[in-house]
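Take a walk through this structure, one residue neighbourhood at a time. Keep the coordinates open as you read.

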Amino acid sequence: MRSEYDFSNAQPSPIPKKMQKQITIRLNISTIDYFKEQSAETGVPYQTLINLYLADCVKKKLKPTFE
């Protein structure tokens, strides 16, 4: 590791922090296990996969079914 780093040419993230919000949510263990399995297969963090799935539901305007 270097003792000093040069950030003079660094650019800000293209994704503003305002676009995401940290929350606390309770999920079934089986749901978390499913996304963790998908994470292991794809190499994408499971929380990112959950976010992508929910964003896809929003995009497709899917409604939940209560069975």
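Start with Ser39. Leaving aside residues up to four places away in sequence, Ser39 touches Val44, Pro45, Tyr46 and Leu49. The model is a predicted one. Ser39 sits in helix 1. Is Ser39 buried or exposed? Its relative accessible area is 16%. The cut-off for buried is under 20%, so Ser39 counts as buried.

Two of those partners, Tyr46 and Leu49, also appear in the helix contact. That leads to the pairing of the two helices. Helix 1 covers residues 29-42, and helix 2 covers residues 46-59. Their axes come within 8 Å. How do the axes cross? The crossing angle is roughly 110 degrees. Angles of 65 to 115 degrees count as roughly perpendicular. Helix 1 and helix 2 are therefore roughly perpendicular to each other.

Which residues make this contact? Helix 1 supplies Ile32, Phe35, Lys36, Gln38, Ser39 and Thr42. Helix 2 supplies Tyr46, Leu49, Ile50 and Tyr53. Sorted by class, the contact holds six nonpolar residues, three polar and one charged.

Lys36 deserves a second look. Lys36 of helix 1 and Tyr46 of helix 2 both belong to the contact. Lys36 lies over the face of Tyr46. The distance from the ring centre is 5.1 Å.

Now turn to the aromatic rings. How many aromatic pairs are there? The count comes to three. One of them joins Tyr5 and Phe7. Their ring centres are 6.3 Å apart, and the planes differ by 35 degrees. Planes under 30 degrees apart count as stacked and over 60 as edge-to-face, so the pair of Tyr5 and Phe7 is classed as tilted. The two partners can be read by accessibility as well. Tyr5 has a relative accessible area of 44% and is therefore partly exposed. Phe7 has 63% and is therefore exposed.

Ring pairs also build a cluster, which links Tyr34, Phe35 and Tyr53. Phe35 and Tyr53 are among the residues of the helix contact too, Phe35 from helix 1 and Tyr53 from helix 2.

Next, look past helix 2. Both Lys60 and Lys61 lie in the segment after helix 2. Are they buried or exposed? The cut-off for exposed is over 50%. Lys60 has 53% relative accessibility, so it counts as exposed. Lys61 has a relative accessible area of 68%, so Lys61 is exposed too. The backbone of Lys61 is worth checking. Lys61 has a positive phi of about 55 degrees, although it is not a glycine. Lys60 also gives a span to trace. Lys60 and Glu41 are 19 residues apart along the chain. Their C-alpha atoms are separated by 25 Å.

Finish ahead of the helices. Ile23 is in the segment before helix 1. With a relative accessible area of 59%, Ile23 is exposed. How far is Ile23 from Arg2 in space? The C-alpha to C-alpha distance is 35 Å, for 21 residues in sequence.

Definitions and conventions
Residues are numbered from 1 along each chain as its sequence is written. This is a predicted model: local features need pLDDT of at least 70, side-chain atom pairs count only at pLDDT 80 or more; totals for chains, interfaces and linings use all residues. Side-chain values use heavy atoms; hydrogens and water are left out. Axes are lines fitted to C-alpha atoms, for helices over the stretch in contact, and angles run from 0 to 180 degrees between N-to-C directions. Helices (H or I, at least four residues) and strands (E, at least two) are DSSP runs, numbered from the N terminus. Angles under 35 degrees count as roughly parallel, over 145 as roughly antiparallel, 65 to 115 as roughly perpendicular and the rest as oblique. Contact means heavy atoms within 4.5 Å. Ala, Val, Leu, Ile, Met, Phe, Trp, Tyr, Cys and Pro count as nonpolar, Asp, Glu, Lys and Arg as charged, and the others, Gly among them, as polar. Rings of Phe, Tyr and Trp (its six-membered ring) pair if their centres lie within 6.5 Å; planes under 30 degrees apart count as stacked, over 60 as edge-to-face and the rest as tilted. Buried means under 20% relative accessible area, exposed over 50%, partly exposed in between (1.4 Å probe, protein chains only). A charge sits over a ring if NZ of Lys or CZ of Arg is within 6 Å of the ring centre and within 35 degrees of the ring normal.
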